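Colleague: Could you take me on a close look at one part of this model? I'd like to hear about the ligand site and how it sits within the protein as a whole.

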Amino acid sequence: MNMKICVLPGDGIGPEIITQALRVLSALDLNFELTEAPVGGAGYRALGHPLPESTLRLARQSDAILFGAVGDFSLDTLPRELRPEQAILGLRKALNLFANFRPALVYPELVQASSLRPEVVAGLDILIIRELTGDIYFGQPRGIRVLENGEREGFDTMRYSESEIRRVAHVGFQAAAKRGGRLCSVDKANVLDTMQLWREVVSAVGREYPGVELSHMYVDNCAMQLLKNPKQFDVIVTGNMFGDILSDEASMLTGSIGMLPSASLNEHKFGLYEPIHGSAPDIAGQDIANPLATILSAAMMLRYTFNEAGSAERIEAAVRKVLAQGFRTSDIFEPGTRQVGTRAMGDAVLAVL
Ligand code: IPM
Ligand code: MG
């Protein structure tokens, strides 16, 4: 199979970490066709838009997107529709990438990196499935209007249709069935009508999956439980806004946001794969960023879009091996380990492969 991958490095550390992921991919015996395009701040600078028409076209013509990161402080004063973040929001919406997989896995070697006690996080392996194309992120109407008294008022609309809830619920149940068999649906049904519907629809879908144990949790309680006893969770399914917040929280349980990959999929397994961390402009170009989240995102791409589970496992095993060998970028460094830069971390993974 010829795999058509659209490579979107983006801003900040994006290009450096993508370079390492591409080196790892090319070490595998697979057939890739790579095309690269500017996105985010780089898209704005090159072509006047964070998601240039030509970049979106290229993305549509490929089977998967390998994405670095977008974000550039110096462009934050632009109108919202031209800010770098619009690239990722635009790709999600245009390509219907409604199912966002955000695993939070604690590697035994990095247990100490968590700010929680080792016994709370050791062995942690949770998967957050975040709905990605609906909710208050995209709901209309939204805006800032002037009230009769002359005061301005900002407003956004939280909304979910039954079909939007149903399709992501199916993804959640199917993922749970393949893992520990437990799905926790997170909502705010005690306050929000949208979330009452969410709970009803998820429960109805659950009747089709008798083998999966479904529970429901309010989002505030979930935020607390993630810190108190994170290992109670297997798969969490939740809406766009809550998933944004909970997935950042869950990432920190693992100690480093520099280790976590993600996949955003549509119903045809087309996917956008990206590290969950941002563009970190403060350390860009210094060869110190951790490339492992991007390398692991490439592994997710092989697994989910290209059905190459074997190759994905090879990459994941190689990452575990380099951690066991003591290689660390500065974000996960501890005394007694070996501090390396971005490229040297890529070298270490390649050496194992
Ligand atoms: C994420 C990010 C994005 C989001 C931003 C950059 C628009 O925080 O992928 O979680 O809010 O979804
Ligand atoms: Mg976020």
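**The ligand site and its setting**

Modeller: Happy to! In this predicted model, 23 Å separates the C-alpha centres of domain 1 and domain 2. Where the two domains touch, domain 1 contributes 24 residues and domain 2 contributes 25 residues. Along the chain, domain 1 is made of two stretches, 1–98 and 266–353, while domain 2 covers 99–259.

Now to the ligand. Ligand 1 is found in the second largest pocket. Around ligand 1 you will find Glu-85, Arg-92, Arg-102, Arg-130, Tyr-137 and Asp-244. Sorted by class, that shell holds five charged residues and one nonpolar residue, with no polar ones. The nonpolar label belongs to Tyr-137, because Tyr is counted in the nonpolar class.

Even so, the side chain of Tyr-137 places an N or O atom 2.5 Å from an oxygen atom of ligand 1. Two of the arginines do something comparable to look at on screen. For Arg-92, an N or O atom of the side chain is 2.7 Å from a ligand 1 oxygen. For Arg-102, the distance from a polar side-chain atom to an oxygen atom of ligand 1 is 2.8 Å. How much of the ligand does the protein cover? On its own, ligand 1 exposes 320 Å², and the protein buries 71% of that.

If you set this beside the domain bounds, Arg-92 falls in the 1–98 stretch of domain 1, whereas Arg-102 and Tyr-137 fall within 99–259, in domain 2.

Terms used. Residues numbered from 1 in each chain as written. Chains lettered and ligands numbered in written order. Predicted model: local features only at pLDDT ≥ 70, side-chain atom pairs only at ≥ 80, totals over all residues. Heavy atoms only, no water. Near = heavy atom within 4 Å. Polar contact = N/O pair within 3.5 Å; in protein donor to acceptor, adjacent residues only side chain to side chain. Areas by Shrake-Rupley, 256 points an atom, 1.4 Å probe, with all protein chains shown as cover. 1 Å grid on protein atoms, 1.4 Å probe; cavity = no way out; pocket = protein on both sides within 12 Å on 5 of 7 lines; lining within 4 Å. Sits in = over half its atoms within 2 Å of the grid points. Domains from an automatic or database assignment. Contact = heavy atoms within 4.5 Å.
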